[in-house]
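Student: Please take a close look at one part of this model, the packing between helices, and describe the residues involved in one connected account.

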Amino acid sequence: MALSSGTPGLIGLLETWSAIEVRPTRPDWALHWSAWLGPLDAIALRGALPAITKATKAVALRTAQEPDLSQALQQLRDDVTGFIRQAPVRPVPAQVRVAGIAQAAPEPAEDEDYGSYRQRYLDIQRRMDLRIGPFRQHCRQVLARTSPRLSQLAQMDATLEDMLGERAQALLAKLSALLERRFHRYRQDAALSMAAFEQDFQDALVAELHFRLEPVTGLVEAWQTGT
């Protein structure tokens with residue numbers, strides 16, 4: 001899904017910001033996972049597999065009363081994207097009086113440091129956490145009572161979230177530092193507009209939202225197709 005005209009997803013966005021001209025060769029699937037999962041993770045996954053393969057609970061067919069996960073996902077995406085795209089809130093100008101006439105104080109200058117952006121970033125991340133985590137759990141509950149195959153998928157998703165969640169959070173936390181470096185680059189170059197940085201800031205957060213929603217989107221698509 002496009003973030004704004006011509007803007008790619010999170011990985012593509014970061015690559016366009018990188019000074020590296022040549023795109024690095026991507027490791028194969030096994031090598032990629034070996035960088036994330038250690039021996040203890042492999043043991044935990046092996047221990048979870050018997051329960052996953054025996055998941056046969058369930059399983060009434062979806063009815064008209066079943067919640068529409070696809071609509072709920074779209075609503076979540078729209079709500080958080082709208083929050084990200086809101087213009088920064090500036091303090092209401094104080095009223096001053098000159099010769100007895102009420103006048104608005106001048107607009108405050110643009111932020112001289114990254115502090116307000118950092119706070120916005122943390123606020124938006126908290127909102128993502130509050131919305132996405134519970135919805136992902138809800139999707140797993142719906143899948144678990146839909147069919148044996150989807151119940152297995154729900155259990156596998158829960159296992160992988162436990163194994164990879166902290167690592168993913170640690171990587172995403174670095175995005176704020178990357179944005180801060182980009183902020184100072186814009187500040188130091190008079191030819192660069194801070195309005196353009198604001199667009200970059202919003203695009204990065206929308207890309208992060210889509211990245212965080214990828215596992216949930218997979219669950220919802222599996223629920224829609226029944227596979």
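Tutor: What follows goes through two helix pairs, one buried residue and the aromatic side chains.

The model is a predicted one. Two packed helices are described by the angle between their axes and the distance between the axes. For helix α6, residues 148-188, and α7, the axes come within 11 Å and cross at roughly 175 degrees. An angle over 145 degrees counts as roughly antiparallel, and α6 is therefore roughly antiparallel to α7. Sorted by class, the residues of this contact are 17 nonpolar, 1 polar and 6 charged.

Alanine 204 belongs to α7, which covers residues 194-225. Its relative accessible area is 0%, so alanine 204 is buried. Leaving aside residues up to four places away in sequence, alanine 204 touches Leu10, Leu13, Trp17, Leu175 and Leu179. For leucine 179, which is 25 residues from alanine 204 along the chain, the C-alpha to C-alpha separation is 8.4 Å.

The aromatic side chains come next. Over the whole structure, a search finds 8 aromatic pairs. One of them joins tyrosine 114 and tyrosine 117, whose rings are stacked, with 6.0 Å from centre to centre and 15 degrees between the planes. Both of these residues, tyrosine 114 and tyrosine 117, are buried. They also belong to one aromatic cluster, together with Phe183, Tyr186, Phe197 and Phe201.

The second helix pair is α4, residues 69-85, with α5, residues 115-144. The axes of α4 and α5 are 11 Å apart, and the packing angle is about 175 degrees. The two helices, α4 and α5, are therefore roughly antiparallel to each other. By class, their contact holds 14 nonpolar, 2 polar and 4 charged residues. On the α4 side, the residues that meet α5 include Leu69, Leu73, Leu76, Val80 and Ile84, along with Gln75 and Asp79. Among those that α5 contributes are Ile124, Met128, Ile132, Phe135, Val142 and Leu143, as well as His138, Arg120 and Arg131.

Phe83 of α4 and Arg127 of α5 are also part of this contact. Arginine 127 lies over the face of phenylalanine 83, and its distance from the ring centre is 3.6 Å.

Definitions and conventions:
Residues are numbered from 1 along each chain as its sequence is written. This is a predicted model: local features need pLDDT of at least 70, side-chain atom pairs count only at pLDDT 80 or more; totals for chains, interfaces and linings use all residues. Side-chain values use heavy atoms; hydrogens and water are left out. Helices (H or I, at least four residues) and strands (E, at least two) are DSSP runs, numbered from the N terminus. Buried means under 20% relative accessible area, exposed over 50%, partly exposed in between (1.4 Å probe, protein chains only). Contact means heavy atoms within 4.5 Å. Rings of Phe, Tyr and Trp (its six-membered ring) pair if their centres lie within 6.5 Å; planes under 30 degrees apart count as stacked, over 60 as edge-to-face and the rest as tilted. A charge sits over a ring if NZ of Lys or CZ of Arg is within 6 Å of the ring centre and within 35 degrees of the ring normal. Axes are lines fitted to C-alpha atoms, for helices over the stretch in contact, and angles run from 0 to 180 degrees between N-to-C directions. Angles under 35 degrees count as roughly parallel, over 145 as roughly antiparallel, 65 to 115 as roughly perpendicular and the rest as oblique. Ala, Val, Leu, Ile, Met, Phe, Trp, Tyr, Cys and Pro count as nonpolar, Asp, Glu, Lys and Arg as charged, and the others, Gly among them, as polar.
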